[in-house]
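Open your viewer, set the display to cartoon, and keep the selection box at hand. We will go from stop to stop, picking out residues and seeing what is there.

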Amino acid sequence: MPHKRSELLVSPEELAVQLSDPSLVILDCTSAVVPSSNKPGFAVASGRQAFLDGHIPGAQFIDLQEDISVPTEALLFTLPPVEFFAAAMKRFRIGHGSRVVLYSTGQPGWAARVWLMLRGFGFDNAAILDGGFSGWKQAGLPVEQGEASPCPVPAQEFDWRLREGIFVSTSDVEATKSASLVNALDQSAFRGEAAISYGRPGRIPGSINIPTSTLVDKATGRYLKQNELERLFDEAGLQEDSEIIAYCGAGVAASNVVFARILAGSDAPASVYDGSLLEWASNPDRPLVTG
């Protein structure tokens, strides 16, 4: 059974036959997080060197932290002003008429975060490569090394504007009475037992747990099938019309939960708490639950 929003995914084989399309923009979104040596939470490791070592032909590397976020001293991947995002998209040749395909190496949350940011600023013609770069290589498709070749096709103007409700703030989380809070971290972090913390261990009271890793097949890295996603959400206590606010450490894994909800066809409001636990845990007056 195909996903209800199957247009949001593209297979390696489908992408391979589209590489010559001048409207196509492929972005390698890979980054990684590692324990910070001098403050709670994470430090960011760029995926640029891995990109140089090998990427899909014609792809460009986009650095979530450096290119399209405005991080503060205590937070990562913070949503930028619309003018900042629009300027970045122009550099990456994304505008009216573009078709964007996003991928990452390892967990697809990096691609999902960029996908959700595009959606949050009004751009809907984007898809995620199912299986990511590993799936591309497993399919025996060509790999390019070095910097991406400059493309002579400039971006057409696009009316970038922030859509309300896709990324939400701490005050929105505190005020909500209708949304289910979804923690996208693994079970050990959900229980407050993870080695990496965000200042304080635990979860926001009332949260349910849908680890981002459970949304994809472990063997292939591809998203679960439609019926499997439906069963996963149902077992977590969510119905198709359930409103959610997803969060994690810094908003990446949470973006993958929101993407999977939309992929499975839910039209209910689905938001990411942009500051996530790095922001929530920074204030000792905000409660966290362990166990």
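## First stop: a charged pair

Select Asp274 and Arg113, whose side chains meet in a salt bridge with an N to O distance of 2.7 Å. Keep in mind while you look that this is a predicted model. Asp274 sits in the loop between strand S12 (270-273) and helix H11 (276-280), while Arg113 belongs to helix H5, so the pair ties together parts that are 161 residues apart in sequence. Are these two partners buried or exposed? Asp274 is buried, with a relative accessible area of 11%. Arg113 counts as buried too, at 0% relative accessibility.

## Along helix H5

Now extend the selection from Arg113 to residues 109-120, which make up helix H5. Its 12 residues should span 16 Å at 1.5 Å a residue, and the C-alpha atoms at its ends are indeed 16 Å apart, so the two values agree.

How many of the residues of H5 are buried? The count is 11 of the 12, so the helix is largely enclosed by the rest of the structure. Among the buried ones are Trp110, Val114, Trp115, Leu116 and Met117. After the helix, click on Gly122: its phi is positive, near 95 degrees.

## A cavity beside Ala111

Ala111 of H5 is buried, and Ala111 is also one of the residues that line the largest cavity. To see more of this lining, add Tyr103, Ser104, Gly106, Pro108, Ile128 and Leu129, then Gly131, Gly132, Gly221 and Tyr223. A search of the whole structure finds one cavity of 30 Å³ or more, and the largest cavity has a volume of about 60 Å³. Which classes of residue make up its lining? There are six nonpolar and five polar residues, and no charged ones.

## Strand S12 and its sheet

Go back to Asp274 and step to the strand before its loop, S12 (270-273). In a regular strand the side chains alternate between the two faces of the sheet. Here, show the side chains of S12: Ala270 and Val272 point one way, Ser271 and Tyr273 the other way, and all are buried.

Next, bring in the neighbours of S12. Strand S8 (residues 167-168) runs parallel to S12 and is joined to it by two bridges, with Phe167 as the bridge partner of Val272. Strand S11 (residues 244-247) is also parallel to S12, and three bridges join the two. Here you can pick Ile245, which stands opposite Ser271.

Show the whole set and you have an open sheet of five strands in the order S8-S12-S11-S9-S10, with parallel pairing. S8 and strand S10 (208-209) stand at the edges with a single partner strand each, so one side of each is left without a neighbour in the sheet. For the S10 edge, select strand S9 (residues 180-183): two bridges join S9 to S10, and the strands run parallel. Asn183 has Asn209 as its bridge partner in S10.

## Another sheet

Hide that sheet and select the strands in the order S1-S7-S6-S2-S5, which form an open sheet of five strands with parallel pairing. Which strands lie at its edges? They are S1 and strand S5 (60-61), and each pairs on one side only. Now focus on strand S2 (residues 24-28) and strand S6 (residues 99-103), a parallel pair held over five bridges. Within this pair, Leu27 stands opposite Leu102 of S6.

## Last stop: more salt bridges

Side chains of opposite charge can pair when their charged atoms come close. How many salt bridges are there in this model? The count comes to nine.

For one of them, select Lys4 and Glu230, whose side chains meet at 3.8 Å, N to O. Lys4 lies in the segment before strand S1 (9-10) and Glu230 in helix H9 (residues 226-235), so this pair ties together parts that are 226 residues apart in sequence. Lys4 is partly exposed, with a relative accessible area of 41%, and Glu230 also counts as partly exposed, at 33%. Add Glu240 to the view, and you have a network of salt bridges linking Lys4, Glu230 and Glu240.

Finish with Glu193 and Arg191, whose side chains form a salt bridge at 3.2 Å, N to O. Arg191 counts as partly exposed, at 30% relative accessibility.

Technical notes. Residues numbered from 1 in each chain as written. Predicted model: local features only at pLDDT ≥ 70, side-chain atom pairs only at ≥ 80, totals over all residues. Heavy atoms only, no water. Helix = DSSP H or I, 4+ residues; strand = E, 2+ residues; numbered from the N terminus. Expected span 1.5 Å × (residues − 1). Buried < 20%, exposed > 50% of the residue type's maximum accessible area, 1.4 Å probe, protein only. Salt bridge = Lys/Arg side-chain N within 4 Å of Asp/Glu carboxyl O. 1 Å grid on protein atoms, 1.4 Å probe; cavity = no way out; pocket = protein on both sides within 12 Å on 5 of 7 lines; lining within 4 Å. Points joined across faces, edges and corners; volume = space filled by probe spheres on them. Nonpolar A, V, L, I, M, F, W, Y, C, P; charged D, E, K, R; others polar. Pairing = 2+ DSSP bridges.
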